[in-house]
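Student: Before we use words such as buried, paired or cavity, could we go through the grounds for each of them?

Tutor: Let us take them in turn, setting each value against its criterion.

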Amino acid sequence: MSEIEGTYRSLQTPAGTRLGAQYNTGISTLEPGQSLSSAMGAGGKGHNKSLQIRVQGLDDAQEFYELESKADGQTLSSEVFRRINLIESDYFGLEFQNLQMNWVWMEPTKLIVKQVRRKFSFWPMNTLLRLSVKFFPPDPGQLQEEFTRYLFSLQIKRDLMEGRLNCTENTAALLASHLVQSEIGDYDDIADREFLKINKLLPYQERVQEKILELHRRHIGQTPAESDFQVLEIARKLEMYGVRFHPAADREGTKINLAVAHMGLQVFQGHTKINTFNWSKIRKLSFKRKLFLIKLHPEVHGPHQDTLEFLMGSRDQCKIFWKNCVEHHSFFRLFDQPQPKSKAIFFSRGSSFRYSGRTQKQLVEYVRDIGLKRTPYQSIYYYIIITMVLTVLTLVLPFFFHPVDSATDIPQLSPFNTKGPLCLSPSFQMSTLSLPGQAPSPLQSPFLNEVGTARLEEDEEGRRKRYPTDKAYFIAKEILTTERTYLKDLEVITVWFRSAVIKENAMPEGLMTLLFSNIDPIYEFHRGFLKEIDQRLALWEGRSNAHVKGDYQRIGDVMLRNMCALKEFIGYLQKHDEVLTELEKATKRVKKLETVYKEFELQKVCYLPLNTFLLKPIQRLMHYKLILERLCKHYAPQHRDFDDCEEALKEVAEIAAQLQSSLIRLENFQKLTELQRDLIGIENLTAPGREFIREGCLYKLTKKGLQQRMFFLFSDMLLYTSKGVTATNQFKVHGQLPLHGMIVEESENEWSVPHCFTIYSAQRTIVVAASSKVEMNKWIEDLNMAIDMSKKCQEKSDLVLDPSLCDRSNRSSDEVSLEQESEDDMNSSRCSLDKQSHHRANTTMHVCWHRNTSVSMSDHSLAVENQLSGYLLRKFKNSNGWQKLWVVFTNFCLFFYKTHQDDFPLASLPLLGYTVSTPGESDSIHKEYVFKLQFKSHVYFFRAESEYTFERYACDRNVMSLNILCRLPGQQHETQTQSARAHPIISSLLAVQSM
């Protein structure tokens with residue numbers, strides 16, 4: 001049988017039987033007190049065709065719904081959502097247990113009786129359906145309704161109790177404490193213990209009850225809405241957030257679990273996530289009998305194996321999981337609801353199943369556009385408490401109180417203040433919960449009054465707009481955003497590159513051990529550090545009580561604790577030199593590893609040269625140092641966070657000082673190896689003692705006139721190259737000039753060429769011209785500095801120059817080189833070039849070539865230390881709207897992602913040569929914190945979230961300018977000292993303006 005995607009198999013039924021008919025098992029399926037006639041009246045033909053269906057809400061209250069027998073799932077869902085007044089309903093669904101007792105989702109387009117028919121009950125009245133969250137967004141801030149967030153918190157509560165949301169006991173206790181705060185309010189020992197006695201929040205609740213009480217004591221003054229939000233903030237950071245396991249096995253028979261989430265498919269072994277396949281990597285999902293197939297794009301795993309197979313328990317399980325994947329992909333990735341597949345007249349190939357409902361984008365727009373008033377609600381415990389208290393007061397008050405005339409003596413009851421003048425103790429309030437009888441669920445009958453609605457809406461809007469404005473918060477947020485990018489960079493090595501070399505068995509075992517035994521512990525440490533920073537920032541954003549918020553509106557304690565812990569990893573960091581060297585040697589020695597290395601660098605996930613990622617752990621220490629310096633400079637000495645930040649700065653500065661020389665050496669080695677791969681005609685570029693100084697574009701004077709050439713200045717020689725007309729992006733070396741005995745002079749007047757200077761060497765003399773006066777000064781200064789350094793060296797370079805690159809005519813040193821570089825030189829390496837793999841076109845040398853500029857090693861080091869990442873709004877020159885993107889600024893380039901969870905960038909924007917400014921009147925931009933990037937006719941506008949972020953991008957010269965990256969239009973550029981490893985503090989380019 002050929003493979004048919006999503007097809008339905010034929011079911012074999014005994015002769016003379018009807019498909020779906022019940023076998024006579026001799027077991028009664030009647031409800032207690034139900035007669036056969038009434039049962040037939042409810043479901044038999046010729047009688048009243050109606051269904052009575054039980055639905056359990058997220059608050060565990062059960063309701064009966066009476067529908068027509070031919071009602072579909074959408075009819076029932078709509079009625080459930082209407083009864084509880086749920087606006088953001090597309091996040092939710094109804095689920096029931098199938099024959100295998102697995103929870104499955106009800107399909108909106110199919111008849112109910114065809115879905116929930118049970119083995120021993122023809123009609124679905126015995127089946128319990130329950131309301132559940134179906135789609136878990138990555139950020140609870142995307143939920144616009146407070147009521148929706150309340151329901152989500154109830155789902156987290158259910159998942160905790162059922163053991164789906166696996167987490168540590170401390171995290172579970174923290175979640176439980178927020179749930180208690182949401183249900184009964186502020187801490188009271190008697191009330192808390194009574195509540196936990198009646199309500200079970202965790203399977204092991206007794207073991208952590210004291211921890212729950214201790215944590216609940218810290219939430220004083222927190223409203224139920226804030227508690228719900230904190231529950232979601234904590235839960236969303238857990239690996240098991242919104243995860244439903246589907247048991248399967250891989251090709252080797254290893255038992256695993258598959259799951260689907262907003263970002264794509266996930267693979268778990270036990271409760272540990274071992275792989276993730278983002279939607280952007282997946283080309284097709286299908287199933288064939290028990291096999292679930294994932295077809296990936298070729299660039300993800302190479303052209304050899306682009307289909308992954310997983311064996312599931314049955315075809316039905318495959319189909320259920322496939323449908324879940326289709327729905328998640330449509331909801332989170334599509335802009336519009338997919339159109340139903342048209343039915344074939346005769347034969348159909350594949351399933352016609354499609355997602356039925358609004359996508360997340362449509363849902364957000366719908367909720368925003370309808371402008372409905374938020375319906376105030378209270379959780380079930382508040383509602384029951386108030387109902388019972390009012391009932392008791394009605395009966396008791398006449399016996400204990402005499403009539404009074406003053407209105408001020410009348411006790412005032414409020415659902416938000418359970419401790420009124422009557423001094424009803426929390427224990428009394430909790431005792432009312434155990435009274436017989438069930439009050440109507442507040443989800444179906446909320447408190448309604450126009451005044452309360454308007455006030456609640458204003459309060460909600462105020463809470464939504466309330467945001468930390470302190471500069472310290474945004475400095476701390478920079479730690480979080482850059483840490484996210486840093487962890488993704490480490491995953492390029494620990495996850496992606498590891499997978500590539502293991503798959504091809506390309507790396508020697510000794511090198512595998514050396515590489516991953518050093519970087520894996522660092523990666524695990526920073527995973528925990530990121531979670532801690534993320535949780536602290538979430539608390540910083542969500543806290544609203546002045547007397548307790550100070551405990552969370554600081555970052556120094558977290559930084560101090562983790563900077564001290566970093567000392568344990570100095571030994572690993574010091575081995576990075578050996579790792580980088582051995583990896584380079586192995587790629588030259590092992591052909592298979594060299595092939596895997598080059599192919600991996602062409603993948604989208606490897607957006608920088610591969611060995612660059614190995615330097616990230618040491619470079620990250622410099623980032624911490626700079627950020628902590630800004631934080632200490634911002635704080636006053638008496639600030640409670642100042643001491644911790646200062647101590648953390650001392651700790652990281654001490655570690656950075658130990659590794660500074662190693663970092664300089666590694667950055668130089670990395671740059672040399674990168675150039676070795678991109679240049680043809682030069683061998684052993686990584687010779688000991690050689691240092692890279694500057695690379696850039698100059699125009700060389702030849703018989704044809706000025707010709708564009710790419711120059712590379714090292715501590716012992718100067719190379720000039722050209723870009724061949726080949727399928728690759730590599731450069732061919734045309735000349736190699738030693739620095740020993742070299743002289744550089746300006747010669748604008750002699751040759752009548754602007755920005756021209758002459759280079760005299762022992763073999764030849766060349767005349768070159770720069771694109772600007774500033775560029776010429778940089779080259780002359782760096783050349784003279786390199787020449788002086790070479791003179792001071794006691795020994796000459798051991799490198800023997802290639803005689804083929806020297807002047808073949810033995811002309812005198814004072815004769816200017818005006819030879820015509822033949823086409824043979826341009827094409828001599830074409831054969832070898834064609835054998836090479838394609839190279840990335842956005843590397844620094846290629847950008848310098850196209851933008852007629854240059855970059856020094858000092859610029860590289862400074863740019864590395866000032867990396868940035870975070871969300872920005874981007875707008876093109878002629879576009880109307882703003883697009884929110886996750887932006888990473890590194891290596892003189894902006895990389896754009898849809899979210900911070902994406903594995904590779906959507907696009908990149910090299911910034912060399914761009915000017916940075918604020919929008920002018922002609923730009924018609926009337927927003928705050930907007931800066932403008934422009935290169936010729938290319939114009940981009942970016943909007944930051946705060947003044948601090950705006951200053952970091954648009955005004956901090958260390959970040960964006962360096963006189964080579966972004967320039968102020970019309971500003972006079974001054975020559976700066978580019979001494980090796982010198983990083984002067986430069987003033988801001990622009991004064992911060994209010995737009």
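Tutor: This is a predicted model, and we can begin with glutamine 209, which is found in helix 7, residues 205-216.

Student: Why is glutamine 209 called buried?

Tutor: Buried means under 20% relative accessible area, and glutamine 209 has a relative accessible area of 18%, so glutamine 209 is classed as buried.

Student: Which residues is glutamine 209 in contact with, once its neighbours within four places in sequence are left aside?

Tutor: Contact requires heavy atoms within 4.5 Å, and with those neighbours left aside glutamine 209 is in contact with Arg193 and Leu196.

Student: What makes strand 11 largely enclosed by the rest of the structure?

Tutor: Of the 6 residues in strand 11, which covers residues 291-296, 5 are buried, and therefore the strand is described as largely enclosed by the rest of the structure.

Student: How do you know that strand 10 and strand 11 are paired?

Tutor: Two strands pair if there are at least two bridges between them; strand 10, residues 282-288, is joined to strand 11 by 6 bridges, so the criterion is met, and the two run antiparallel. Within this pair, phenylalanine 287 stands opposite phenylalanine 292 in strand 11, while in the hairpin that the two strands form, with 2 residues between them, arginine 289 takes a positive phi near 55 degrees.

Student: What shows that strand 11 also pairs with strand 12?

Tutor: The criterion is again at least two bridges, and strand 11 and strand 12, residues 307-312, pair over 5 bridges in the antiparallel sense. Phenylalanine 292 appears here too, standing opposite phenylalanine 310 in strand 12.

Student: What makes a space in the protein count as a cavity, and how many are found?

Tutor: A cavity is a set of points where a 1.4 Å probe fits but cannot get out, and a search of the whole structure finds 15 cavities of 30 Å³ or more. The largest cavity has a volume of about 270 Å³, and among the 22 residues that line it, Thr612, Gln670, Glu674, His860 and Asn891 lie nearest its centre. Two or more lining residues come from each of helix 23 (642-678), helix 29 (857-865) and strand 24 (893-897).

Student: Of which classes are the residues that line the largest cavity?

Tutor: The lining has 10 nonpolar, 8 polar and 4 charged residues.

Student: And what percentage of the protein's residues count as buried?

Tutor: By the criterion of under 20% relative accessible area, 52% of the 995 residues count as buried.

Note on methods: Residues are numbered from 1 along each chain as its sequence is written. This is a predicted model: local features need pLDDT of at least 70, side-chain atom pairs count only at pLDDT 80 or more; totals for chains, interfaces and linings use all residues. Side-chain values use heavy atoms; hydrogens and water are left out. On a 1 Å grid over the protein atoms alone, a cavity is a set of points where a 1.4 Å probe fits but cannot get out, and a pocket is an open set with protein on both sides within 12 Å along at least five of seven lines; lining residues have an atom within 4 Å of a point. Grid points are joined across faces, edges and corners, and a volume is the space filled by probe spheres set on the points. Helices (H or I, at least four residues) and strands (E, at least two) are DSSP runs, numbered from the N terminus. Ala, Val, Leu, Ile, Met, Phe, Trp, Tyr, Cys and Pro count as nonpolar, Asp, Glu, Lys and Arg as charged, and the others, Gly among them, as polar. Buried means under 20% relative accessible area, exposed over 50%, partly exposed in between (1.4 Å probe, protein chains only).
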